[in-house]
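Biologist: Could you take a close look at one part of this model for me? I'd like a single loop residue first, and then whatever helps to place it in the rest of the chain.

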Amino acid sequence: MEPILKIDNLSKTYGNVPNQTKALNGISFQVMPGEFLGIMGSSGSGKSTLLNCIATVIQATGGSITIEGTELRTLKGKALAEYRGKTVGYLFQNFELLDNLTGRENILLPTSLHGVSERDGKERLNKLADYLEITDILDKFPTQMSGGQRQRVAAARALILHPKMILADEPTGALDSKNAKNVMEKLAGLNRDEQTTILMVTHDSNAASFCKRILFIQDGVIFHELRRGDESRQDFYDRILMVMAQLGGGSCNVL
């Protein structure tokens, strides 16, 4: 099986000599189809820079990012728009929903931008709404929803175009523990049941315990890797905490 994502010797430098900062310093790894990979590290470790490079929000200084055999730096115009719209879906910490649109309208917005038929869009919406348990809030505006509801609506919007991979940036960062657990259970379920590939950046050991594999970043390089075997999520969480202690971070009790 070929990787869906391949990162090769990726580097990102901010600023000019002599005041340069290396956010990424030669990172290499692969993500396989259907994998749930977590990226962890303390503040300033480079994890958000890494995700932003993959999302094409910023451009790497060196190295390459390859999606299904295509290097991102070769994508221009329509091909780049297709990548941003259909190849990857985005799930943000602060939801990024439009307050003047209902949940239904927020979710369907990408379908209208990318030429999905109204009938197909509605079918996809109904399936996602049922799975994510948001059917009863589709006609509410974001300001009328709880944080967890807004994040599940945002997840439906990220999934509506059937992207090859979900990029999740601190998806539980703005949620309380109950809503965070609910969102992570839904993401884990999508990964398990639909084989959705997920790459998640998080500082939260609770959220990371839902992953199948975790890469720990420190000072722009991969510091350590953990894989979850047949162990319980609690045991995996405990192993995550041990690594995070070495990085100077941690979390509270497991969700």
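Modeller: Threonine 56 sits in the loop that links helix 1 to strand 4 (62–67). Bear in mind that this is a predicted model. What catches the eye is the backbone: threonine 56 is not a glycine, yet its phi is positive, at about 65 degrees. As background, most residues other than glycine have a negative phi. You might guess that a loop residue like this is out in the open, but threonine 56 has a relative accessibility of 18%, so it counts as buried, the cut-off being under 20%.

Now step back to the helix. Threonine 56 follows helix 1, and helix 1 itself, residues 47–54, is mostly covered, with 6 of its 8 residues buried. Those buried residues are Lys47, Thr49, Leu50, Leu51, Cys53 and Ile54. So there is a lysine on that list, along with a threonine and a cysteine. Keep the general geometry in mind when you look at the helix: an α-helix has 3.6 residues a turn, so residues three or four places apart point the same way.

Cys53 deserves a second glance. Cysteine 53 has a relative accessible area of 3%, so it is buried. Cysteine 211 is buried too, at 1% relative accessibility. If you're wondering about cross-links, a search of the whole structure turns up 0 disulfides.

There is another backbone oddity to set beside threonine 56. Aspartate 219 also has a positive phi, about 55 degrees, and is not a glycine either. Aspartate 219 belongs to the loop between strand 9 (213–218) and strand 10 (221–227). Its setting is another matter: at 60% relative accessibility, aspartate 219 counts as exposed, whereas threonine 56 counts as buried.

Strand 9 also holds leucine 215, which is buried with a relative accessible area of 2%. Leucine 215 makes a nice long-range link: leucine 37 is 178 residues away in sequence, but the C-alpha atoms of the two are 7.6 Å apart in space.

Going back to what comes after the threonine 56 loop, strand 4 is part of an open sheet of 4 strands, in the order 2-1-4-5, with antiparallel pairing. Strand 2 (21–31) and strand 5 (70–71) are at the edges and have a single partner strand each, so one side of each lacks a neighbour in the sheet. Strand 1 (residues 5–14) and strand 2 run antiparallel and are joined by 8 bridges. If you want a register marker for that pair, threonine 13 is opposite lysine 22 in strand 2.

For a look at the surface, try Leu98, Leu109 and Leu113, which make up a nonpolar patch with about 270 Å² of accessible area together. Leucine 98 is in the loop between strand 6 (88–91) and helix 3 (103–113), and its 38% relative accessibility makes it partly exposed.

Finally, the whole chain. It has 8 helices and 10 strands, and buried residues make up 51% of its 255 residues. The C-alpha trace spans about 50 × 45 × 40 Å along its principal axes. The radius of gyration is 18 Å, which agrees with the value near 18 Å that a compact globule of 255 residues would have.

Key
Residues are numbered from 1 along each chain as its sequence is written. This is a predicted model: local features need pLDDT of at least 70, side-chain atom pairs count only at pLDDT 80 or more; totals for chains, interfaces and linings use all residues. Side-chain values use heavy atoms; hydrogens and water are left out. Buried means under 20% relative accessible area, exposed over 50%, partly exposed in between (1.4 Å probe, protein chains only). Helices (H or I, at least four residues) and strands (E, at least two) are DSSP runs, numbered from the N terminus. Patches are made of residues with over 30% relative accessible area and no salt bridge: like charges are joined within 9 Å, nonpolar side chains (Val, Leu, Ile, Met, Phe, Trp, Tyr) within 5 Å. Accessible areas come from the Shrake-Rupley method with a 1.4 Å probe; for residues, only the protein chains shown count as cover. A salt bridge is a side-chain nitrogen of Lys or Arg within 4 Å of a carboxyl oxygen of Asp or Glu. A disulfide is a pair of cysteine sulfur atoms within 2.5 Å. Two strands pair if DSSP finds at least two bridges between them. The radius of gyration is taken over C-alpha atoms; the globule rule is 2.2 Å times the number of residues to the power 0.38.
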